[in-house]
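Welcome! Here is a short briefing to help you find your way around a structure you have not met before.

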Amino acid sequence: MSTTLKKWDRVTYCPSHGAKEKGIVKEVRDKIAFVVYHCDGEWDRYEEYTGSATNISDLRLGWV
């Protein structure tokens with residue numbers, strides 16, 4: 001991803017195999033973003049959920 005990610009960004013996880021997933025960035029460290037996926041549709045409360053470590057190269061900015 002050429003764009004720098006930051007907390008609160010909406011992203012789509014686009015793996016080489018499998019389904020896409022939408023999420024919100026909770027934290028960014030080097031080449032890893034901690035992204036909250038699913039959160040029971042309570043996106044305004046995403047900070048209360050655990051973020052999953054995700055390679056930034058597998059993310060696209062915005063919900064696709």
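The notes below go from the whole chain to the sheet, the cores and a few single residues.

This is a predicted model. The protein chain has five strands and zero helices, so along the sequence its pattern reads β-β-β-β-β. The strands make an open sheet in the order S4-S3-S2-S1-S5, with antiparallel pairing.

**The chain as a whole**

- The radius of gyration of the protein chain is 11 Å, close to the 11 Å that the globule rule gives for 64 residues, so the chain is as compact as a globular protein of that length.
- Along the principal axes, the C-alpha atoms of the protein chain fill a box of roughly 25 × 25 × 15 Å.
- Of the 64 residues, 31% count as buried.
- The accessible surface comes to about 4,300 Å², and carbon and sulfur atoms account for 48% of that surface.
- Take the contacts between residues at least 6 apart in sequence: 39% of these join residues at least 24 apart.

**The sheet, strand by strand**

- Which strands stand at the edges of the sheet? They are S4 (52-55) and S5 (59-61). Each has a single partner strand, so one side of each is left without a neighbour in the sheet.
- From one strand to the next, the twist averages 50 degrees.
- Strand S2 covers residues 21-29 and strand S3 covers residues 32-37. Six bridges pair S2 with S3 in the antiparallel sense, and within this pairing valine 28 has alanine 33 of S3 as its bridge partner.
- S2 and S3 form a hairpin with two residues between them. In the turn, aspartate 30 has a positive phi of about 55 degrees.
- On its way to the edge strand, S3 is joined to S4 by four bridges, and the two run antiparallel. Here phenylalanine 34 stands opposite alanine 53 in S4.
- S1 and S2 are paired over four bridges, again in the antiparallel sense.
- S1 is also joined to S5, by three bridges, and these two strands run antiparallel.
- Tyrosine 13 is a good residue to look up, with a bridge partner in S2, glutamate 21, and another in S5, leucine 59.
- As background, side chains in a regular strand alternate between the two faces of the sheet.

**The nonpolar cores**

- The largest nonpolar core has eight residues in all: Leu5, Val11, Val25, Ala33, Val35, Tyr37, Ile56 and Leu59.
- Which strand gives the most to this core? S3 does, with three residues.
- A second, separate core has five residues, including Ile24, Val36, Cys39 and Tyr46.
- Two members of the largest core also appear among the sheet pairings above: Ala33 is the bridge partner of valine 28, and Leu59 is a bridge partner of tyrosine 13.

**A look at arginine 10**

- Arginine 10 sits in strand S1, which spans residues 10-13.
- Is arginine 10 buried or partly exposed? At 45% relative accessibility, arginine 10 counts as partly exposed, because that value falls between the cut-offs of 20% for buried and 50% for exposed.
- Leaving out residues up to four places away in sequence, arginine 10 touches Gly23, Ile24, Arg60, Leu61, Gly62 and Trp63. One of these, Ile24, is also a member of the second core.
- Lysine 31 is 21 residues from arginine 10 along the chain, and their C-alpha atoms are separated by 17 Å.

**Residues with a positive phi**

- Most residues other than glycine have a negative phi, which makes the following cases worth a look.
- Tryptophan 8 lies in the segment before S1. Although tryptophan 8 is not a glycine, its phi is positive, at about 80 degrees.
- With a relative accessible area of 56%, tryptophan 8 is exposed.
- Aspartate 40 has its place in the loop between S3 and S4. Aspartate 40 is not a glycine either, yet has a positive phi of about 55 degrees.
- Aspartate 40 is exposed too, with a relative accessible area of 71%.
- Aspartate 30, in the turn of the hairpin formed by S2 and S3, also has a positive phi of about 55 degrees.

Definitions and conventions:
Residues are numbered from 1 along each chain as its sequence is written. This is a predicted model: local features need pLDDT of at least 70, side-chain atom pairs count only at pLDDT 80 or more; totals for chains, interfaces and linings use all residues. Side-chain values use heavy atoms; hydrogens and water are left out. Two strands pair if DSSP finds at least two bridges between them. Axes are lines fitted to C-alpha atoms, for helices over the stretch in contact, and angles run from 0 to 180 degrees between N-to-C directions. A nonpolar core is a set of buried Ala, Val, Leu, Ile, Met, Phe, Trp, Tyr and Cys residues joined through side-chain atoms within 4.5 Å. Buried means under 20% relative accessible area, exposed over 50%, partly exposed in between (1.4 Å probe, protein chains only). The radius of gyration is taken over C-alpha atoms; the globule rule is 2.2 Å times the number of residues to the power 0.38. Contact means heavy atoms within 4.5 Å. Accessible areas come from the Shrake-Rupley method with a 1.4 Å probe; for residues, only the protein chains shown count as cover.
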